[in-house]
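Hi,

Here is the structure I promised to pass on. Have a look at it first, and my notes on the charged pairs and the core follow below.

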Amino acid sequence: MTTENASPEAVESTAHLDALGRHFGDLRDGTHGDAVSRQGKERLFHDAVALLDPYAREVLHEFDREMLHGTGTLEATGVGRTPDGGLAALWTLSWPEQRDAGIQPITLMAHYGRGFHHPHLRGATVAEWPLNVFTREQAAAEVPTLRAIASADLHNLVFQRDFRIVPSVVAGRKGE
């Protein structure tokens with residue numbers, strides 16, 4: 001997008017491009033942030049999860065408030081080992097209609113698989129976005145990505161069943 005003659009509101013943030021630049025730079029340099037060893041990269045992963053936590057919760061609370069009419073249950077696992085020896089942290093938002101349908105909750109997952117060069121973000125139904133967060137500002141800049149993952153997850157969960165799993169949609173039909 002060109003910014004010439006564009007209003008300030010129309011100028012897009014480049015935080016997502018900065019994150020991709022960090023990601024590609026890590027691949028080029030064989031690093032993750034300032035870490036080269038698996039142990040150093042795992043330390044940075046723990047730090048990134050702590051930085052992302054309030055933003056992941058904020059995004060899922062938005063979905064609960066606006067789409068689920070406050071019926072959701074937010075859970076966060078913290079960092080734990082995965083069966084492959086990697087690390088993962090999950091933030092999930094479940095609600096009665098989703099549980100009754102037998103499908104996964106809206107999920108934001110930070111994970112660092114055993115064979116991965118560095119960590120990534122994903123959802124229950126949405127795969128891989130690079131996770132290169134080292135500061136509070138970088139974590140805050142991931143809010144649009146977290147929103148996109150959660151939005152895509154909810155869309156895909158509706159696709160797995162139907163629109164009736166979303167309380168705000170059902171209420172909208174009844175209240176018309």
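Before the details, one cut-off: a residue is called buried under 20% relative accessible area and exposed over 50%, with partly exposed in between. Arg147 has a relative accessible area of 33%, so Arg147 is partly exposed. Please keep in mind that this is a predicted model.

Arg147 is a good place to start. Its partner in a salt bridge is Glu62, and the closest N and O atoms of the two are 2.7 Å apart. This pair links distant parts of the chain, since Glu62 sits in helix 2 (residues 38-67) and Arg147 in helix 5 (residues 143-160), 85 residues apart. And is Glu62 buried or exposed? Glu62 is buried, because its relative accessible area of 18% falls under the 20% limit.

Now the other salt bridges. The count comes to 10, and here are some of them:

- Asp34 and Arg43 meet through their side chains, at 3.7 Å from N to O. Asp34 counts as exposed at 62% relative accessibility, while Arg43 is partly exposed at 44%.
- Arg122 pairs with Glu128, with 3.1 Å between the closest N and O atoms. Both ends are partly exposed: Arg122 has a relative accessible area of 22%, and Glu128 has 35%.
- Arg38, Glu42 and Arg81 are joined in a network of salt bridges.

As for why such pairs turn up, side chains of opposite charge can pair when their charged atoms come close.

On to the nonpolar side. Which residues touch the most other members of the largest nonpolar core? They are Trp91, Ile106, Leu108, Leu131 and Leu146, out of 33 residues in that core. The elements giving two or more residues to this core are helix 2, strand 3 (87-94), strand 4 (106-112) and helix 5. Helix 2 supplies the largest share, with 9 residues.

Leu131 is worth clicking on in your viewer. Setting aside neighbours within four places in sequence, what is Leu131 in contact with? The list runs to His32, Phe45, Ala48, Leu52, Ala110, Pro119, His120 and Leu121.

To tie the two halves together: helix 2 and helix 5 each give two or more residues to the core, and the salt bridge of Glu62 and Arg147 runs between these helices as well.

Cheers

How values were computed
Residues are numbered from 1 along each chain as its sequence is written. This is a predicted model: local features need pLDDT of at least 70, side-chain atom pairs count only at pLDDT 80 or more; totals for chains, interfaces and linings use all residues. Side-chain values use heavy atoms; hydrogens and water are left out. A salt bridge is a side-chain nitrogen of Lys or Arg within 4 Å of a carboxyl oxygen of Asp or Glu. Buried means under 20% relative accessible area, exposed over 50%, partly exposed in between (1.4 Å probe, protein chains only). Helices (H or I, at least four residues) and strands (E, at least two) are DSSP runs, numbered from the N terminus. A nonpolar core is a set of buried Ala, Val, Leu, Ile, Met, Phe, Trp, Tyr and Cys residues joined through side-chain atoms within 4.5 Å. Contact means heavy atoms within 4.5 Å.
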